[in-house]
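Me: I'm new to this one and would like to know what the words used for it rest on. Could you show it to me and take my questions in turn?

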Amino acid sequence: MDYIVVGAGAAGCVVAARLSRMPGVRVALIEAGGADRNPLVHIPGANFATGTNPSLNWNFETAPEPALDGRRLYMSQGRVMGGSASINGMMFLRGWDRDFDAWATTGWSAEEVRPWFRKIETLAADAQPGRGTEGPVTLTRGRATAPVCDFFLASAEAHGLTLGEDVTRAGPASAGYVDLSIRKGRRVSTAGAYLKGVARRDGLRVIRNAQVTRIAVRDGRATGVSYRQAGQDRHLSCRREVIVAAGAINSPALLLRSGIGDAERLDALGIPVIVDAPEVGQNYQNHPMFKMMFALDAPLSAYAHLRPLAALRAGLSYLLARRGVLASGLFPIGGYFEADPGDPDTLMQFCMAPALTIRRGPGVLDMLPRAHGFSVLLYQAVPFSRGRVGLASADPFADPVIEAGVFADPRDLDILVKAACQMRAMMRLAPIGGIIEREIAPGPDTDTPEALRAAIKREIMANYHVAGTCRMGDDAGAVLDPQLRVRGVDGLRVIDASVMPRVVSANTYATTVMIAERGAAFIAEDAGAGTG
């Protein structure tokens with residue numbers, strides 16, 4: 001092989017597809033999970049059932065979180081072709097210009113990454129200035145799947161939020177229907193967008209259900225990988241580069257298992273040190289997520305679609321024409337506001353589902369709403385807290401140790417309390433205030449700041465949006481250089497969300513695909529070739 005790509009997630013599929021276009025090149029793409037054949041993966045309206053499906057997931061948990069009284073958080077991370085892009089909520093937001101400028105890394109300013117975002121996307125609706133029209137990832141604008149959606153937006157506008165087509169361009173007080181990675185009623189993961197029709201290309205070999213255990217390094221150069229498939233240990237060599245695209249949890253864990261990390265910690269685990277790189281696994285970031293739910297006293301939510309006749313109609317509409325509620329995302333609405341107006345460090349992102357998203361058990365039926373209502377997810381867009389990813393042992397099949405550090409910086413909890421109060425105030429405004437029967441979560445018993453703080457600590461959840469654990473930078477301490485090469489090892493790169501110096505103030509999918517396109521181009525430039 002010329003190149004080995006570890007991980008067929010949001011980034012890995014892009015990199016493998018692009019590199020396999022290079023003349024005379026052979027690429028191996030290794031994925032720990034299986035094919036994305038589960039039909040629920042491709043139905044946008046079934047997202048509620050895929051996000052925590054154990055057969056599509058790594059099913060990680062954090063270590064006990066000190067600021068959460070020792071509570072562990074479930075970490076949903078895709079283990080399937082397409083990775084988390086095959087199970088996430090499909091929201092496709094670029095992030096803010098200031099996010100990229102804050103990276104302060106050569107070649108990654110907002111102006112410099114903008115053309116790469118255009119390269120990856122195609123808007124299904126009318127083109128907008130600065131948006132892509134010929135990219136592999138087709139986007140569809142979210143739409144109201146129940147009347148409560150428009151009620152919500154009207155109250156958001158009454159609260160001072162600007163309604164617009166692109167919530168990341170409309171300013172720090174914005175709301176609207178968001179872009180979703182959906183094409184003709186089907187999810188658009190990078191496995192579908194980049195590998196469909198390509199996986200049988202002569203130069204591309206896809207190896208599924210194979211977990212990479214170690215990167216082989218000889219004389220300071222990555223020469224291949226070891227992996228286990230069907231109970232057999234195997235080795236694959238490469239002539240040019242190994243590209244780690246396993247995500248912001250598994251990528252640093254693989255580097256650590258391969259001897260690239262903090263020398264003292266590796267010595268303690270009995271792992272031979274290849275490169276003393278103390279920052280590997282550090283700088284963990286995520287958007288803490290808090291869910292608010294409101295019951296309605298009118299039949300205006302998506303619960304109406306579950307009545308027998310309506311459910312039959314929805315199923316037939318999707319089967320026959322890929323239309324209707326099943327062809328739409330669960331969270332069609334998103335937006336931003338500042339918990340402290342005028343302070344960009346308190347920026348909050350939110351998304352709204354026109355249904356009560358309550359998990360009562362592991363089955364699909366236990367996740368369906370049983371009354372009219374809606375849910376709002378609050379994300380802290382600019383978290384101050386940092387965590388780390390490490391190892392508990394040298395066992396390559398042991399789960400990484402994830403110390404998320406939720407609320408390690410107390411400012412984060414203060415900001416979320418203020419944000420929840422703002423959302424409550426918004427929901428009291430007409431017209432939505434006139435149809436809300438009661439607040440289900442966090443509930444009326446949390447009407448004091450102290451009670452609300454306790455509820456947030458009790459109910460806060462982890463997000464898909466993990467980033468930063470193999471950060472790039474111009475400084476010598478960064479794990480990667482600006483071309484995403486691992487410092488201290490030739491022929492080795494990391495290309496996924498872990499490279500972000502700071503998590504973007506948005507869902508990370510779009511930015512991860514952009515990073516993958518740029519990373520593939522860097523590799524092609526070094527090889528003196530093009531990727532198309």
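Reply: Sure, and keep in mind that this is a predicted model. Let's begin where two helices meet: Leu413, Asp414, Leu416, Val417, Ala420, Cys421 and Arg424 of helix 11 touch Leu452, Arg453, Ile456 and Lys457 of helix 12.

Me: Which classes of residue make up the contact of helix 11 with helix 12?

Reply: Seven are nonpolar and four are charged, with no polar ones. Asp and Arg count as charged by the rule used here, so Asp414 and Arg424 on the helix 11 side go in that group.

Me: Why is helix 11 called roughly perpendicular to helix 12?

Reply: Their axes cross at roughly 110° and come within 10 Å. The label covers 65 to 115 degrees, so helix 11 counts as roughly perpendicular to helix 12. For finding them, helix 11 spans residues 411-427 and helix 12 spans residues 449-459.

Me: What makes a space count as a cavity here?

Reply: A 1.4 Å probe has to fit in the space but be unable to get out. By this rule there are two cavities of 30 Å³ or more. The largest has a volume of about 130 Å³, and the second largest has about 80 Å³.

Me: Which residues lie nearest the centre of the largest cavity?

Reply: Tyr284, Asn286, Pro288, Ala404 and Val406 do, out of 18 lining residues. That lining has ten nonpolar, six polar and two charged residues.

Me: And how does the lining of the second largest cavity divide by class?

Reply: Into five nonpolar, one polar and five charged residues. Among those lining it are Phe92, Arg94, Arg131, Glu165, Thr168 and Asp179. Glu counts as charged, so Glu165 belongs to the charged group.

Technical notes: Residues are numbered from 1 along each chain as its sequence is written. This is a predicted model: local features need pLDDT of at least 70, side-chain atom pairs count only at pLDDT 80 or more; totals for chains, interfaces and linings use all residues. Side-chain values use heavy atoms; hydrogens and water are left out. On a 1 Å grid over the protein atoms alone, a cavity is a set of points where a 1.4 Å probe fits but cannot get out, and a pocket is an open set with protein on both sides within 12 Å along at least five of seven lines; lining residues have an atom within 4 Å of a point. Grid points are joined across faces, edges and corners, and a volume is the space filled by probe spheres set on the points. Axes are lines fitted to C-alpha atoms, for helices over the stretch in contact, and angles run from 0 to 180 degrees between N-to-C directions. Helices (H or I, at least four residues) and strands (E, at least two) are DSSP runs, numbered from the N terminus. Angles under 35 degrees count as roughly parallel, over 145 as roughly antiparallel, 65 to 115 as roughly perpendicular and the rest as oblique. Contact means heavy atoms within 4.5 Å.
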